[in-house]
Amino acid sequence: MIKKDHSNTINCIIQLSSGELVTCSSDNTIKLFNIKEVQYEVLQTLNYHKNTVYKIVELKNKVLVSCSYDSSIIFYLKQNNVYQKDYQISTNGGCSSIIKTKDNEICYSESNNNAIRFYDILQRKIIATISGINKYNGCREWFIMIKIDLLLIPGNNQLSIVNTNEYKLVRKIDVPNSSCITGVCLLNKNMLLTGDYAEIIRQWKIEDNNLILISQKEKTHDSDINILLNMGNGFIASASDDSTIKIW
């Protein structure tokens, strides 16, 4: 089945713990879908953002949080079976990535600096800022937790590893000829893949608080690799600006 419910680029898709799919788009909206039936339907559209919505994350207690190029992060609560805006915070420029680092904590990026910020949801305040992160200030930044206390941040020809317990940058790893690293996925607790704007897929071994390059495959696409997905059963999917999805 093919349906066109957004009017612009879809930047992120997640499945909630309750089963619904949630998408966010460059049309400034977030949509929730019922996929329990053959004919899926849009359950709700959230249109609180005023510009591109890049990422949405589910937190505990049915809380959703989204980030946008409009320099805001918005929190939503589910009440009477619908999500309603709870509150929002302002960011220093557009925010293109957000991730849950702990049950009551998120980490997010800002386009106007090379810093990331940690935000305590219960206290509703920033509790830590880490500067010197060589991020890619574009529309696709995929932060990923590679261990329970280690956050991996892709950037320009570089990967940064941050300790989320001590709130400090522990390592920068140069990745020559990678341009912007935007696709990241875990294979298992010891291995991960990265994809980049040089059309290279690299395999890394996670070793303590470091990454060791194991292998790389070049010319995998005809344009930028945007997303890598571990499909399970030994298969990986890659999506590219060349309008193709490949299964490996």
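Five bridges join strand β1 (residues 10–15) to β2, and the two run antiparallel. The model described here is predicted. Within this pair, I14 stands opposite V22 of β2. Five residues separate the strands in the β1–β2 hairpin, where G19 takes a positive phi near 110°. Strand β2 covers residues 21–25 and is mostly covered, with four of its five residues buried.

On to the next hairpin. Strand β3 (residues 30–34) pairs with β2 over four bridges, again in the antiparallel sense. Here C24 is set opposite I30 in β3. The hairpin of β2 and β3 has four residues between the strands. Its residue N28 takes a positive phi near 80°.

The largest nonpolar core holds 16 residues. I73, F75 and I106 have the most contacts inside this core. Two or more residues come from each of β5 (53–58), β6 (63–68), β7 (72–79), β8 and β10 (105–109). The most come from β6, which gives three. A second, separate core has 15 residues, including L16, V22, I30 and V53. V22 is the residue opposite I14, and I30 is the residue opposite C24. In soluble globular proteins, nonpolar side chains tend to be buried together.

F75 merits a closer look. Leaving out residues up to four places away in sequence, F75 touches L59, V63, L64, V65, Q84, K85, D86, Y87, I89, I106, Y119 and I121. Among these partners are the charged residues K85 and D86. I106, another of the residues with the most contacts inside the largest core, is also touched by F75.

A search of the whole structure finds four aromatic pairs. One of them is formed by F75 and Y87, which are stacked at 4.5 Å centre to centre, with 10° between the planes. This pair links distant parts of the chain, with F75 in strand β7 and Y87 in strand β8, 12 residues apart. Both F75 and Y87 are buried. Ring pairs also bring in Y119, so that F75, Y87 and Y119 are linked into a cluster. The ring of Y87 has a further partner: the charged end of R124 sits over this ring, 3.6 Å from its centre.

The stretch after β8 (82–90) contains S96, which lies in the loop between β8 and β9 (98–102). S96 counts as buried because its relative accessibility is 9%, and the cut-off for buried is under 20%. S66 is 30 residues away from S96 in sequence, yet the C-alpha atoms of the two are 9.6 Å apart in space.

Further along the chain, four strands form an open sheet in the order β17-β18-β19-β20, with antiparallel pairing. β17 (181–188) and β20 (210–217) stand at the edges. Each has a single partner strand, so one side of each is left without a neighbour in the sheet. Neighbouring strands of this sheet are turned by 25° against each other on average, direction ignored. Strand β19 (residues 201–207) pairs with β20 over seven bridges in the antiparallel sense. In this pairing, L211 of β20 is the bridge partner of I206. Strands of a sheet pair through backbone hydrogen bonds, either parallel or antiparallel.

Technical notes:
Residues are numbered from 1 along each chain as its sequence is written. This is a predicted model: local features need pLDDT of at least 70, side-chain atom pairs count only at pLDDT 80 or more; totals for chains, interfaces and linings use all residues. Side-chain values use heavy atoms; hydrogens and water are left out. Buried means under 20% relative accessible area, exposed over 50%, partly exposed in between (1.4 Å probe, protein chains only). Two strands pair if DSSP finds at least two bridges between them. Axes are lines fitted to C-alpha atoms, for helices over the stretch in contact, and angles run from 0 to 180 degrees between N-to-C directions. A nonpolar core is a set of buried Ala, Val, Leu, Ile, Met, Phe, Trp, Tyr and Cys residues joined through side-chain atoms within 4.5 Å. Contact means heavy atoms within 4.5 Å. Rings of Phe, Tyr and Trp (its six-membered ring) pair if their centres lie within 6.5 Å; planes under 30 degrees apart count as stacked, over 60 as edge-to-face and the rest as tilted. A charge sits over a ring if NZ of Lys or CZ of Arg is within 6 Å of the ring centre and within 35 degrees of the ring normal.
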